Structures are given as C-alpha cells and as structure tokens.
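User: I'm new to this structure and would like a close look at just one part of it. Could you walk me through the metal site and the pieces of chain that build it?

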Amino acid sequence: MLSKKLHEAINDQINAELWSAYLYLSMSLDADNKGFKGVANWFYVQFQEEQAHARIFMNYLNSRDAKVELKEIDKVETSWDSILDMFKDTLKHEKKVTSLINNIAAIANDDKDFASINRMVWFIDEQVEEEESAREMIQSFEAVADNKYGMYMLDKELATRTYNVPSPLASSAE
Ligand code: MG
C-alpha cells in the first residue's frame with residue numbers, strides 16, 4: 001500500500017502533468033497564431049506527451065489500488081513575445097517538473113517503496129531528455145536570431161516531429 005504522503009504527491013503530479021499539457025497546447029496555439037506551423041507541431045507533440053505522462057501516473061495509482069482525484073487545472077499564459085521566449089519558459093518549467101519528480105522519488109525512497117522507486121526511474125530519465133531538448137531548442141533559436149530564412153528552415157524542421165507513445169504505455173493496451 002502507498003503511504004498517504006506518496007499517494008498525495010503522485011496525485012498532485014497528475015495535475016502538474018495535465019497543467020504542463022495545457023501550457024504546451026497554449027504555446028502550440030500561439031506559435032500557430034504567429035505563423036510558425038512547425039513550432040506549433042513541436043509543442044502539440046509536447047502536449048500529447050504530457051497527457052501520456054499524466055496517464056502513466058494514473059495507471060500507476062490504479063495498479064496500486066490508490067484512488068486518482070482530479071483537481072482544478074490552473075490558467076496558463078496565452079501569448080509569448082517570441083518563439084525563443086516559449087522555449088526559455090519550457091526549460092524553466094521542465095526544471096520545476098524535475099524537482100517535483102525528484103521529490104516524489106525521495107518520498108518513495110524514504111518509504112522503501114521499491115515499486116514506486118522503479119516507476120519514478122523512468123520519469124527521472126525522461127526529465128533529463130526534456131531539459132536537454134529544451135536547451136537544444138534555445139540554442140537553435142538563438143543561433144538563427146532574427147534571420148528570417150533561418151527561422152523558416154528551423155520551423156520546417158520542427159514540422160517533422162511526430163508523437164511516439166512512451167514505453168510505459170506502449171506495453172499496455174492503452
Ligand atoms: Mg511531463
């Protein structure tokens with residue numbers, strides 16, 4: 001059985017992942033509005049991934065016979081000054097998510113809840129990738145700066161990103 005503290009932390013994380021999904025959907029829509037279809041696609045894939053993260057945590061609570069309680073999702077920003085600013089906010093946000101994930105792992109560790117520690121390892125690795133990809137995007141957009149052709153080519157490249165079902169969900173029927 002999960003401790004009350006761990007149950008609540010994971011339940012709160014479901015809300016945080018759904019809020020992340022909502023944030024990236026908002027960035028996707030703003031990018032589309034600014035005429036960057038590729039960036040809009042990149043953030044739409046991000047939106048799908050965050051919903052999958054929430055789903056993985058929901059499945060995990062269900063599998064441990066712990067009830068999921070959905071909470072209110074806070075409002076998100078709806079416009080950014082530039083695409084570069086979106087990616088800077090993405091990195092800032094993912095660093096925050098990393099600290100939330102680490103906190104859950106620390107609680108699981110204190111509880112000696114090995115199944116939960118094992119589940120959190122996937123998320124710990126995922127956060128390394130999330131921060132790395134946000135940093136790469138910042139570097140790319142800083143490199144092209146105000147070069148219109150560079151922006152055009154970069155946008156075209158981001159249009160090719162596709163959503164892949166994360167491995168913890170790919171192995172189930174969902
Ligand atoms: Mg996430």
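**The magnesium site**

Analyst: Three residues coordinate the magnesium ion: Glu17 and Glu50, each through OE, and His53 through ND1, at 2.1 to 2.2 Å. Keep in mind that this is a predicted model. Along the sequence, the donor residues of the magnesium ion follow the spacing E-x32-E-x2-H. One pair here links distant parts of the chain: glutamate 17 sits in helix H1 and histidine 53 in helix H2, 36 residues apart.

How exposed or buried are these two? Glutamate 17 has a relative accessible area of 1%, and histidine 53 has a relative accessible area of 1% as well. Buried means under 20%, so glutamate 17 counts as buried, and so does histidine 53.

Now for the helices themselves. H1 covers residues 4–33, which is 30 residues, and it reaches 44 Å from its first C-alpha to its last, close to the 44 Å expected at 1.5 Å a residue. Just after H1 comes glycine 35, with a positive phi of about 95°. H2 then takes in residues 37–63.

How do H1 and H2 lie against each other? Their axes come within 8 Å and cross at roughly 165°. Angles over 145 degrees count as roughly antiparallel, so that is the label for H1 and H2. The crossing of H1 past H2 is left-handed. As for what fills the contact of H1 with H2, its residues divide into 18 nonpolar, eight polar and four charged.

Conventions: Residues are numbered from 1 along each chain as its sequence is written. This is a predicted model: local features need pLDDT of at least 70, side-chain atom pairs count only at pLDDT 80 or more; totals for chains, interfaces and linings use all residues. Side-chain values use heavy atoms; hydrogens and water are left out. Helices (H or I, at least four residues) and strands (E, at least two) are DSSP runs, numbered from the N terminus. The expected span of a helix is 1.5 Å times one less than its number of residues. Axes are lines fitted to C-alpha atoms, for helices over the stretch in contact, and angles run from 0 to 180 degrees between N-to-C directions. Angles under 35 degrees count as roughly parallel, over 145 as roughly antiparallel, 65 to 115 as roughly perpendicular and the rest as oblique. A crossing is left-handed if the near helix is turned anticlockwise from the far one by less than a right angle, and right-handed if clockwise. Ala, Val, Leu, Ile, Met, Phe, Trp, Tyr, Cys and Pro count as nonpolar, Asp, Glu, Lys and Arg as charged, and the others, Gly among them, as polar. Donors are N, O and S atoms within 2.8 Å of the metal (3.2 Å for Na, K and Ca); water is not among the atoms, so sites may look incomplete. Buried means under 20% relative accessible area, exposed over 50%, partly exposed in between (1.4 Å probe, protein chains only).
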